[in-house]
Amino acid sequence: METVSRTSNFKTIDLVYSALFATLIMIGANITTIVPFLAIGGVPITLQTFFAILAGLVLGSRKGAIACTVYMLIGLAGAPVFSLFMGGFSYILKPTFGFIVTFILSAYVAGLIVERYQTRIAYVTAALTATAINYVLGTTWMYYAYKLWAAAPEGFTYKMAWLWMLPPMPKDIILAIFAGFFAFRIQKTLKLIPIKQK
């Protein structure tokens with residue numbers, strides 16, 4: 001497999017790309033407001049995870065994580081960029097805030113994988129791995145949030161928390177696979193992650 005080298009330079013274009021992906025995550029958080037038919041059974045289908053993982057796949061580990069961090073900080077600063085147009089520092093107490101935090105790690109891990117391997121299967125594997133990280137850590141955060149400071153439903157268990165995550169899971173798996181293929185094509189065209197010369 002081909003390997004890639006990491007660069008320590010952070011150029012103006014990198015800031016632009018990071019800002020672009022932060023904006024895409026903001027849009028993805030409230031996509032059902034723009035496209036209402038993307039709500040199934042009253043449950044909105046957001047594209048936050050898709051764009052967060054895509055940031056890591058396209059920009060690499062460091063820049064992808066920065067894009068997700070910028071998104072989180074803008075929301076905590078009060079801009080209504082989280083789902084349902086919410087924002088503010090108090091959002092940190094929301095049980096689902098863990099998913100936003102894990103966007104950063106998910107993008108970073110996805111980027112690490114594609115920085116090392118430049119194959120189509122590596123991109124898909126990276127996207128699926130990042131999705132798994134988001135689900136495992138985000139769901140665990142949600143469970144403990146309900147148990148420790150949020151009002152947990154009667155008889156709430158860790159298993160119940162995972163049952164809540166089952167409806168969006170097929171969507172996120174499919175989008176992760178798509179993100180892998182799509183990012184691979186983008187890399188072939190734009191070469192945003194430099195390929196190590198042998």
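Start by selecting Lys 63 and Asp 14: their side chains form a salt bridge, with the closest N and O atoms 3.2 Å apart. Keep in mind as you click around that this is a predicted model. Now colour the two helices involved. Lys 63 sits in helix α4 (residues 61-76) and Asp 14 in helix α1 (residues 12-29), so the bridge ties together parts that are 49 residues apart in sequence. Turn on a surface and check each partner. Lys 63 is buried, at a relative accessible area of 10%, and Asp 14 is buried too, with a value of 10%.

How many salt bridges does a search of the whole structure find? It finds 2. For the other one, select Lys 171 and Asp 172, whose side chains meet at 2.8 Å, N to O. Are these two buried or exposed? Asp 172 has 8% relative accessibility and counts as buried. Lys 171 has 19%, and because the cut-off for buried is under 20%, Lys 171 also falls on the buried side.

**Zoom out for a moment**

Switch to a cartoon view of the protein chain, and you should be able to pick out 8 helices and 2 strands. Walking along the sequence, you pass them in the pattern α-α-β-β-α-α-α-α-α-α. Of the 198 residues in the chain, 44% are buried.

**On to the aromatics**

Next, show the rings of Tyr 143, Tyr 144, Tyr 146, Phe 156, Tyr 158, Trp 162 and Trp 164, which form one aromatic cluster. Over the whole structure, a search turns up 15 aromatic pairs. Take Tyr 146 and Trp 164 as your example: why is this pair called edge-to-face? The ring centres are 5.6 Å apart and the planes stand at 80°, so the pair counts as edge-to-face. The cut-off for that label is planes over 60 degrees apart. The two rings also link distant parts of the chain, with Tyr 146 in helix α6 (residues 120-148) and Trp 164 in helix α7 (residues 158-165), 18 residues apart. Trp 164 is partly exposed, at 37% relative accessibility.

**Two patches on the surface**

Keep Tyr 144 selected and add Leu 93, Leu 148 and Trp 149. Together these four make a nonpolar surface patch of about 480 Å². Trp 149 is in the loop between α6 and α7, and its relative accessible area of 44% makes Trp 149 partly exposed.

Now pick Arg 120, Arg 185, Lys 188 and Lys 191, which form a positive surface patch. Click on Arg 185 and you land in helix α8 (residues 169-190). Arg 185 is exposed, with a relative accessible area of 56%. Lys 191 lies in the segment after α8 and counts as exposed as well, at 53% relative accessibility.

**Backbone oddities**

Stay on Lys 191 and look at its backbone: phi is near 50°, a positive value in a residue other than glycine. Then jump to Phe 85, another residue that is not a glycine but has a positive phi, here about 55°. Where does Phe 85 lie? You'll find Phe 85 in the loop between α4 and α5, where it counts as partly exposed at 46% relative accessibility.

**Far along the chain, but how far in space?**

While you're in that loop, select Val 81, which is found between α4 and α5 (97-116). Val 81 is buried, with a relative accessible area of 9%. Draw a distance line from its C-alpha to that of Thr 23. The two residues are 58 residues apart along the chain, and their C-alpha atoms are separated by 8.9 Å.

For the last stop, go back to helix α8 and select Ile 177. Ile 177 is partly exposed, with a relative accessible area of 32%. Add Phe 50 to the selection and draw one more C-alpha to C-alpha line. Ile 177 and Phe 50 are 127 residues apart in sequence, and in space they are 9.8 Å apart.

Conventions. Residues are numbered from 1 along each chain as its sequence is written. This is a predicted model: local features need pLDDT of at least 70, side-chain atom pairs count only at pLDDT 80 or more; totals for chains, interfaces and linings use all residues. Side-chain values use heavy atoms; hydrogens and water are left out. Rings of Phe, Tyr and Trp (its six-membered ring) pair if their centres lie within 6.5 Å; planes under 30 degrees apart count as stacked, over 60 as edge-to-face and the rest as tilted. Helices (H or I, at least four residues) and strands (E, at least two) are DSSP runs, numbered from the N terminus. Buried means under 20% relative accessible area, exposed over 50%, partly exposed in between (1.4 Å probe, protein chains only). Patches are made of residues with over 30% relative accessible area and no salt bridge: like charges are joined within 9 Å, nonpolar side chains (Val, Leu, Ile, Met, Phe, Trp, Tyr) within 5 Å. Accessible areas come from the Shrake-Rupley method with a 1.4 Å probe; for residues, only the protein chains shown count as cover. Lys and Arg count as positive and Asp and Glu as negative; His and the chain ends are not counted. The place of a charge is taken as NZ of Lys, CZ of Arg, CG of Asp or CD of Glu.
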